[in-house]
Amino acid sequence: MKTLYGIPVSPNVAIGEALIIDNERFRIPQRFVVHDAVEDELDRLNAALAAVSSEIAGNRDLISDRIGPQYGAIFAAHLQMLSDPQLLDELRGHIINQQYSPEYAVSLTLRRYAKVIQDLGDGYLAERADDLFDLERSLLANLLGRRREELSHLAAPVIVLAHDLTPSETASLSKRFVLGFATEVGGAGGHTAIVAKGLEIPAVVGLGRFLLEVSGGDMLIVDGEQGVVIVRPDEETLVRYREVVARRKDDVRILSTLRDLPAETLDKQTVRIYANIEFPSEVTVCRERGADGVGLYRTEFLYLSSDDEPSEETHYSAYNDVVTAMDGKPVVFRTLDLGADKLGRVPAAAQEEKNPFLGLRSIRLSLRHVTLFRVQLSAILRASSGGNVKVMFPMVTTLDEIRRAKMVLSDAMEDLEEKGIDFDRNIEVGMMVEVPAAVMMLDRFLPEVDFVSIGTNDLVQYALAVDRTNQEVSDLYQETDPAVLRLLKMTIDAAHEHGKMVSLCGQMSGNAHHTALLLGMGLRDFSVPPASILEVKRVLRSVNLSDCESIVARAFEMESAREVDQFLRSETKRLIRDHRKSSPIEKTVGGRG
Amino acid sequence: MKSMSEQSTSKEVVITNPQGLHARPAHAFVTLASQFESQIEVIKSDESVNGKSILSILTLGASQGTKLQIRASGIDAAEAVIALTELVEQGFDEVETEAS
C-alpha cells in the first residue's frame, strides 16, 4: 500500500483499477506507413518538431528568467538538436525512403545517436544521452498525443492515471467508464480540475511524479475530497473507503430531498442558484438538482473537441439543446474564453506568447477574429428564439472592448434580420468581471450592460498575480484573500447601486463554506457547479441574513486568507449545527423567519 | 567535398575546457558555424562530422586535450575557421564559476 498526496479537485471517492495513460514508455503503433501517406507523415513530423521546440523554448525562457541564462543554455542546446540539419535529413530520409512512421524514425534515429554518445565512455558526455531520450519522449508524446486512444475506447470502468490530461481529453472522459482520475501536474483552478468537477468525476491533480510506482490494473483509491491517492490499498483501508462511498450515497439522498424546497434563507430572502456547465449533457444534472437556470455555459468545448473551426450549425445545435432542455429558464452563454495558445488553428499571435494569461485570449481573441466571433454570436442569437438566452463577454478589460463586442453583436443581429431568421431582439448582454481594471471602472461599465457575473477564478489570479496552475506558487491562489473579498464587495455594491443583476460564477460560489459570506456581501445570484447546487442550498436555508452580515463584518477585519477560511469553516459548521438542532428534519424548516 | 576547390582552409585546435565538447560548447560551436555559408567539418583523427550538426559533434566525444581539425570549404571559409578556432581556444566563453 502506498499513499500519495495531491490537490483535491472534485469531491467523492473512486475505487477501481488503474489505467495508465503512459507518457514514458510509448508503444509505437506502427513501423511503416503507406506510400500515399508519406507527405502527411512528414507534416506530422514537422508539426511535432515545431511543437516540442516551442515547448523547449518556453522552458529555456522560464529557467533563464528564474535562475540565470547559463542554465537556460542547456535548453538552447536541446533546441538546436531539434533543428540539427543532419538529424532532419535522416528523419525525412527514413520516412520518404523506408516509409517508416515518424514515430519509428524518431525513436530509431535518436536512440542511435544516444547509443553512440553513451558508448563514448565519457561520464559527463554520457549524460547527454539522457537529453536525447528526453527529446525522443517529447516527440513521441507529441506524435502520439492525438492517438491516446485508450481514453475514447474504454470498455470497462477504470481510474485514469496520467502525467497530464489536456482539456479536450478530460472533456472526452466518459463518466460511465472513468471512475476517477489522477494526474502528476495541474492545480486546483486548472481547466482539468474544473471539468472534473463539472463531470463529477473524483479527481486528484498535482501529485508529482508517481506513475512509475503504479502498474496498470493495480487497485486504487482516489479520494477527491482529501486529495489522496492510495495505491494497492490493504483490506482494512479498502473496507473503510467502501463505507465512505456508501455514506456518500446516503448524503446524496438526503440532499436530494432539498431539491424542491425553495432556495431562501431563514428570514425568507430568496436566492437564485444557477449552474455552471460545460457540456450540453450536463443539463440533465442541472434539472435533477433544481437549478434556476444556467448561469454560465462555457462554450469552449466545441472549439477544443474538434480540429476544425466549429460551424454556426454545430454551435447552434449544441446551444439549442441546452436552451430547449432548460425550458424557459435563463441560459447565460459566455463567448469563447480561450487563449490563442489553446487554439492552435486560429491564426494567432505572430510570436509565441510568453505569458498567455496576459495575452491574446478571450474577448481579445474574439475581437481580433471578428468573422469567427460572429459565427458564435449568430448561433447564440438563433438559440435565443427558443428560450431565455443571455450573452456574456469574458475578460473585458476596457470600455472599448465591451462597446466593440456589442457592435459585433448588433452586426450579427442585422444579418439575421436580413435573412429573416428569428431571434430575441431584447437579448440581455452581460460581461464577466474578472480583471481588476473592470472592478475599478465598473460604474462606467454598468450602463453598457444588463448584468455582470464575477469570475473569481481569473479575478483571483489577476488580483493576486499568481498563476493557478503553477505548483510553485499555487498556494498563493486564495479566493478568500482579503484583497479579493474587497474586490467582490466593490463589484456587488456597484451593481446594486446601478440596479443591475450581479452573479458570481467562479469556483468560489460552489464552495458551501463561502455561501454565508457571499450572502452577507449582498450576493443573491449564485452560479455553481451542478454538483454543489444542493450543498449551497442547504447552507443558505440554514442562515439568517443578519448572521451573514456579521460574518462579513468579521471577515473584513481579517488579514489573511487562512484566517478567513478558518473562520468561515467554523461559522458554517456552527450555523448548520444550530439549525439542525432547532429543526432536525429539514422539511419542517422554513417558517422561523 | 566537391566545393573544396572553391576555397578550403583548415586548422588544428585543442579542446581546453575541462568538460570537453559537451552540450553547451557544442551549442556555441554550431551556433557560430551556422552563421557561415561554408561547409564546416570537424575532424577527430580519421572521423569527420558536419560542424553544423550538434548531434554529430557530440558523437565525437571530444574531451579536454582532444585535438580537432576544423575545416571549412566555401566563400567565407577563412573567416569561419578563424572565428571557430578562436571560440575553441577561448574555451567557448564558458564561465568558470557557473554555479553562481
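Colleague: Does A:Tyr319 count as buried or exposed, and at what relative accessibility?

Modeller: This is a predicted model, and in it A:Tyr319 counts as buried, at 0% relative accessibility. The word buried is used here for a relative accessible area under 20%, and exposed for one over 50%. The ring neighbour of A:Tyr319, A:Tyr297, also counts as buried, at 0% relative accessibility.

Colleague: How should I read a pair of aromatic rings, and how many aromatic pairs does a search of the whole structure find?

Modeller: A pair of aromatic rings is described by the distance of the centres and the angle of the planes. Over all chains, the search of the whole structure finds five aromatic pairs. One of them is formed by A:Tyr297 and A:Tyr319, which meet edge-to-face, with 5.8 Å from centre to centre and 85° between the planes. Because A:Tyr297 lies in strand 10 (residues 294-298) of chain A and A:Tyr319 in helix 12 (residues 312-326) of chain A, this pair ties together parts that are 22 residues apart in sequence.

Colleague: Why is the pair of A:Tyr297 and A:Phe333 edge-to-face?

Modeller: The ring centres of A:Tyr297 and A:Phe333 are 5.1 Å apart and the planes stand at 65°, so the pair is edge-to-face, given that plane angles over 60 degrees fall in that class. This pair links distant parts of the chain, since A:Tyr297 is in strand 10 of chain A while A:Phe333 is in strand 11 (residues 330-334) of chain A, 36 residues apart. A:Phe333 is buried too, with a relative accessible area of 0%, and ring pairs link A:Tyr297, A:Tyr319 and A:Phe333 into a cluster.

Colleague: What surrounds A:Tyr297 in terms of strands, and which residue is its bridge partner?

Modeller: In a regular strand the side chains alternate between the two faces of the sheet. Strand 10 of chain A is mostly covered, with five of its five residues buried. Strand 9 (residues 272-277) of chain A runs parallel to strand 10 of chain A and is joined to it by three bridges, and A:Tyr297 is the bridge partner of A:Ile277.

Colleague: Where can I look for strands that run antiparallel?

Modeller: Chain B offers a case, in which strand 2 (residues 39-44) and strand 4 (residues 67-73) run antiparallel and are joined by five bridges. Strand 2 of chain B also pairs in the antiparallel sense with strand 3 (residues 47-50) of chain B, over four bridges. You can follow both pairings from B:Glu41, whose bridge partner in strand 4 of chain B is B:Arg71, and which stands opposite B:Asn50 in strand 3 of chain B. Strands 2 and 3 of chain B form a hairpin with two residues between them, and B:Ser45 in the turn has a positive phi of about 40°.

Colleague: How should I read a positive phi, and which residue with a positive phi follows helix 18 of chain A?

Modeller: Most residues other than glycine have a negative phi, and most peptide bonds are trans. Helix 18 of chain A is followed by A:Ala465, whose phi is positive, near 55°, although A:Ala465 is not a glycine. A:Ala465 has its place in the loop between helix 18 and helix 19 (482-497) of chain A, and at 70% relative accessibility A:Ala465 counts as exposed. Helix 18 (residues 456-463) of chain A, by contrast, is mostly covered, with seven of its eight residues buried, among them A:Leu459 and A:Tyr462.

A further case is A:Arg232, which is not a glycine but has a positive phi of about 45°. A:Arg232 lies in the loop between strand 8 (228-231) and helix 9 (235-256) of chain A, and is partly exposed, with a relative accessible area of 37%.

Colleague: What share of the residues of chain A count as buried, and how many helices and strands are there in chain A?

Modeller: Chain A has 593 residues, of which 53% count as buried, and it contains 23 helices and 16 strands. If we take the contacts in chain A between residues at least 6 apart in sequence, 68% of them join residues at least 24 apart.

Colleague: How many disulfides does a search of the whole structure find?

Modeller: Over all chains, the search finds zero disulfides. Cysteines can still be read by their cover, and A:Cys505 is buried at a relative accessible area of 3%, while A:Cys548 counts as buried at 0%.

Definitions and conventions. Residues numbered from 1 in each chain as written. Chains lettered and ligands numbered in written order. Predicted model: local features only at pLDDT ≥ 70, side-chain atom pairs only at ≥ 80, totals over all residues. Heavy atoms only, no water. Disulfide = S-S within 2.5 Å. Buried < 20%, exposed > 50% of the residue type's maximum accessible area, 1.4 Å probe, protein only. Pairing = 2+ DSSP bridges. Phe/Tyr/Trp six-rings, centres within 6.5 Å; stacked < 30°, edge-to-face > 60°. Contact = heavy atoms within 4.5 Å.
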